[in-house]
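Q: Hello! I am new to this structure and would like a friendly, close look at one part of it. Please start with how far the model can be trusted, and then move on to the packing.

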Amino acid sequence: PPPPLELWSRPYEAAKADLVATERRLLVALGFHLRVESPHGLALQTAAHALAGAEAGGDRQDSPLPPGALASDAWALCNASLRTPLCLAHGAPAIACGAVWLAARRLGVPLPERPRGWWELHGVGEAEVVAVAGAIAALLREDKPLAAALWVPPESGGGERREAAMPPPPRPPPPANPPPPAAAAAAAAVA
């Protein structure tokens, strides 16, 4: 590493001027649009509505989890998502739905899927929810200290920390234009 710079020295002033010029170029390239919507509040609302929908639909069993465990884990997963470029590729509703979906999967909490996906209330597709959840899960698989720091209530109902079981990576989407059955059979006969 380079040696530390003395405050107000010429090298310090030159480095500071370069940093400010680079920052200005970056702001101009971004069009000074730096607003990013936080998914945290939406994740809390989504978790509450999803649980209410599961209870109304009879999908929810009695759980040893403390109240608010789903919302707490979804909040922690939203925090973890900030360490990824998800906010550049997906909107806050997609990140919130992905965090709630992953939290429910980690905690074993059933979410309603009838008559249509709960994520559609936010204008998010199922594939996008799974993609966001997969990106957060990948981060947690790579960063074991972060994964261990996330609070996941054990089945006993206590509040100790443990490493959470990560879901398998999402399956790739089906091809956009699947080959006709005759072409698929011909390709299988050749192979």
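Among the elements of the protein chain, which helix has the lowest mean pLDDT, and which has the highest? After that, please take me through the contact of α3 with α6.

A: Happy to help! Please keep in mind that this is a predicted model. Among the elements of the protein chain, helix α8, at residues 181-190, has the lowest mean pLDDT, 53. The highest belongs to α5, with a mean of 93. For the protein chain, the mean pLDDT is 76, and 66% of the residues reach 70 or more. One stretch calls for particular care: over residues 151-170 pLDDT stays under 50, although the model has 44 contacts there beyond four places in sequence.

Now for the setting of your contact. The protein chain has eight helices and zero strands, so reading from the N terminus you meet one α element after another, α-α-α-α-α-α-α-α. Of the contacts in the protein chain with a separation of 6 or more, 71% join residues 24 or more positions apart.

Here is the part you asked about. Two packed helices are described by the angle between their axes and the distance between the axes. In this model, helix α3 spans residues 69-81 and helix α6 spans residues 126-142. Their axes come within 10 Å and cross at roughly 80 degrees. Because an angle of 65 to 115 degrees counts as roughly perpendicular, α3 is roughly perpendicular to α6. On the α3 side, the residues that meet α6 are L77, A80 and S81; on the α6 side, they are I136, L139 and L140. Sorted by type, the residues of this contact are five nonpolar, one polar and no charged.

Two of those names turn up again in the interior. In soluble globular proteins, nonpolar side chains tend to be buried together. The largest nonpolar core of this model has 36 residues, and L77 and I136 are among the members that touch the most others, along with L70, V100, L111 and W118. The elements giving two or more residues to this core are α2 (40-56), α3, α5 (92-107) and α6. Of these, α5 gives the most, with eleven residues. That is the helix with the highest mean pLDDT. Across the 191 residues of the protein chain, buried residues make up 32%.

Two more residues help to place these helices. A131 lies in helix α6 and counts as partly exposed, at 36% relative accessibility. A131 and A94 are 37 residues apart in sequence, yet 9.3 Å apart in space, C-alpha to C-alpha. H49, in helix α2, is exposed, with a relative accessible area of 58%. The C-alpha atoms of H49 and P112 are separated by 9.7 Å, with their positions 63 residues apart along the chain.

One last spot to visit is W8, in the segment before α1 (10-29). Most residues other than glycine have a negative phi. W8 is not a glycine, but it has a positive phi of about 70 degrees. W8 is also exposed, with a relative accessible area of 58%.

Technical notes: Residues are numbered from 1 along each chain as its sequence is written. Side-chain values use heavy atoms; hydrogens and water are left out. Axes are lines fitted to C-alpha atoms, for helices over the stretch in contact, and angles run from 0 to 180 degrees between N-to-C directions. Helices (H or I, at least four residues) and strands (E, at least two) are DSSP runs, numbered from the N terminus. Angles under 35 degrees count as roughly parallel, over 145 as roughly antiparallel, 65 to 115 as roughly perpendicular and the rest as oblique. Contact means heavy atoms within 4.5 Å. Ala, Val, Leu, Ile, Met, Phe, Trp, Tyr, Cys and Pro count as nonpolar, Asp, Glu, Lys and Arg as charged, and the others, Gly among them, as polar. A nonpolar core is a set of buried Ala, Val, Leu, Ile, Met, Phe, Trp, Tyr and Cys residues joined through side-chain atoms within 4.5 Å. Buried means under 20% relative accessible area, exposed over 50%, partly exposed in between (1.4 Å probe, protein chains only). pLDDT is the predictor's confidence in each residue, from 0 to 100.
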